[in-house]
Amino acid sequence: MAQVKFTPNLRRFFPDLCDCAVEAATVADIIAAVDQRWRGLGDYIIDERGCLRKHVNIFVGDQLLHDKTGLSDSVAADTRVIIVQALSGG
Amino acid sequence: MHNKLLVGTRKGLLIMARDGGDWRIESAHFEAIPVVYAMHDRRTGTLWASLDHGHWGGKLQRSHDGGASWQEVAAPKYPEGATCPPDFTTPATTSYIWIIEPGGADEPDRLYIGTEPGGLFVSDDGGDSFQLVESLWNDPGNSQWFGGGRDYPGICAIQVDPRDSRHITVGISVGGVYVTEDGGESWQARNRGLYADYLPDPYAEVGQDPHIVLASPSNPYVLWQQNHCGIFRSGDAGRQWHDISDKQGGPAGFGFALAVDARDENVAWVAPAVSAEYRVPVERALVICRTDDGGQSWQSLRKGLPQQHCYDLVFRHGLDAQDDSLAFGTTAGNFYVSDDRGDSWRCIVNNLAVVYSVRFM
């Protein structure tokens, strides 16, 4: 099971958002799973083509997501996946 | 007299309320989140707001209780395979929700949304779901649409004829004015008489840049537009446009914002700036210009507005009129109202964030 963590900034929109464990082969699987649990969360992370939003980053282990258009990066068991917002101006 | 205003700013939505003879900020919503546009659907009482999260994408919010509570509804989505004009290589996604417009009084569940990269969306279930209006999206002229100031073209104006809900006028910036008379089954580009000094052919039918297009409610065949290259008016539903920019040396010419008088098809207001290259108030003095004669002449309305060291612009949805009242907010976070058709103004608040939209409720 991948261990998924979220930027606390997403709790503004999903107040009960919490770290979770997800059965997943790829990052795309993770987004689909967390969107099932927190309906609409996926739209905050990816666009309607399934691409990572421009100012969102995902770490798979200690590596930045490689496939930002398909989210096909594989996720090994017990990998920690962190969804963060990129830094941007005011 | 309308007693509330919706003010979309870069740092949230403000609801202002008339308080005796003055206005005060009654409540703030979506604080720190850019609110591109907010409007009140008079058919249903619903408030709508378009949010532009820097990180999380464009979102739609609605309130059925005057803003006491808000509900996020799914933003419109482009269908699989859609690609962005003009080169059609980039997959199309809803990158910005420019405008939300009610359908006609006879279709209370209908709602229109104008987006970047150029898609018009329609809902027939009160905004629970939206579909792309493919007939416009696939218009043969769409390879002449392009982004101006943003990456892709945007639908920034939608006008539904109050006499005939099937007659709809939209403005695409950059693209031009399109009209349907059959409820969106077919569309016609109506840009004759406009010109675009940035095009190889300035009089091209498509590729014009209406910053905003409004119809006069008292005669919806009268259309006005504040265009990138001047101010234009049409008396025949856009079939022929006439340049009504001030020819007597006054400031009315370049700008973004426009308001029309609901009672008189000859009256409109604009908020001029110097030019596309100098996007500052003319002589750094804040002014609203009004025509009372269909654009034959313009008056500069300055009473109560600062007349030196101003760098305020009024964005395309940042000015609104209702009866004798007008209101506008600026890029410098200043907010002004008038209750005498613009003859005199008073400042309600300074130090807001950039104001994107102002609409009377």
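1. A good place to start in this predicted model is a pair of strands in chain B: β5(B) (residues 47-53) and β6(B) run antiparallel and are joined by seven bridges. The two strands form a hairpin, with three residues between them. If you would like a pair of residues to look for, B:D52 has B:G58 as its bridge partner in β6(B).

2. Strand β6(B) also pairs with β7(B) (residues 71-73), again in the antiparallel sense, over three bridges. Here B:L60 has B:V73 as its bridge partner. Is β6(B) enclosed or open? Seven of the seven residues of this strand (57-63) are buried, so β6(B) is largely enclosed by the rest of the structure.

3. Next, have a look at the largest nonpolar core, which has 38 residues; B:L120, B:L136 and B:V170 touch the most other members. Among the elements of chain B that give two or more residues to this core are β4 (35-40), α1 (134-137) and β13. The largest share, five residues, comes from β8(B).

4. B:V170 is worth a visit of its own. Beyond its neighbours within four places in sequence, B:V170 is in contact with nine residues that include B:L120, B:L136, B:I155 and B:W187. Apart from this core lies another, of 28 residues, including A:F6, A:I46, A:L52 and A:V60.

5. Finally, B:T169 lies in strand β13(B) (residues 168-173). With a relative accessible area of 3%, B:T169 is buried. Not counting residues up to four places away in sequence, B:T169 touches, among others, B:A157, B:Y178, B:V213 and B:L223.

Notes:
Residues numbered from 1 in each chain as written. Chains lettered and ligands numbered in written order. Predicted model: local features only at pLDDT ≥ 70, side-chain atom pairs only at ≥ 80, totals over all residues. Heavy atoms only, no water. Helix = DSSP H or I, 4+ residues; strand = E, 2+ residues; numbered from the N terminus. Buried < 20%, exposed > 50% of the residue type's maximum accessible area, 1.4 Å probe, protein only. Contact = heavy atoms within 4.5 Å. Pairing = 2+ DSSP bridges. Core = buried A, V, L, I, M, F, W, Y, C linked by side-chain atoms within 4.5 Å.
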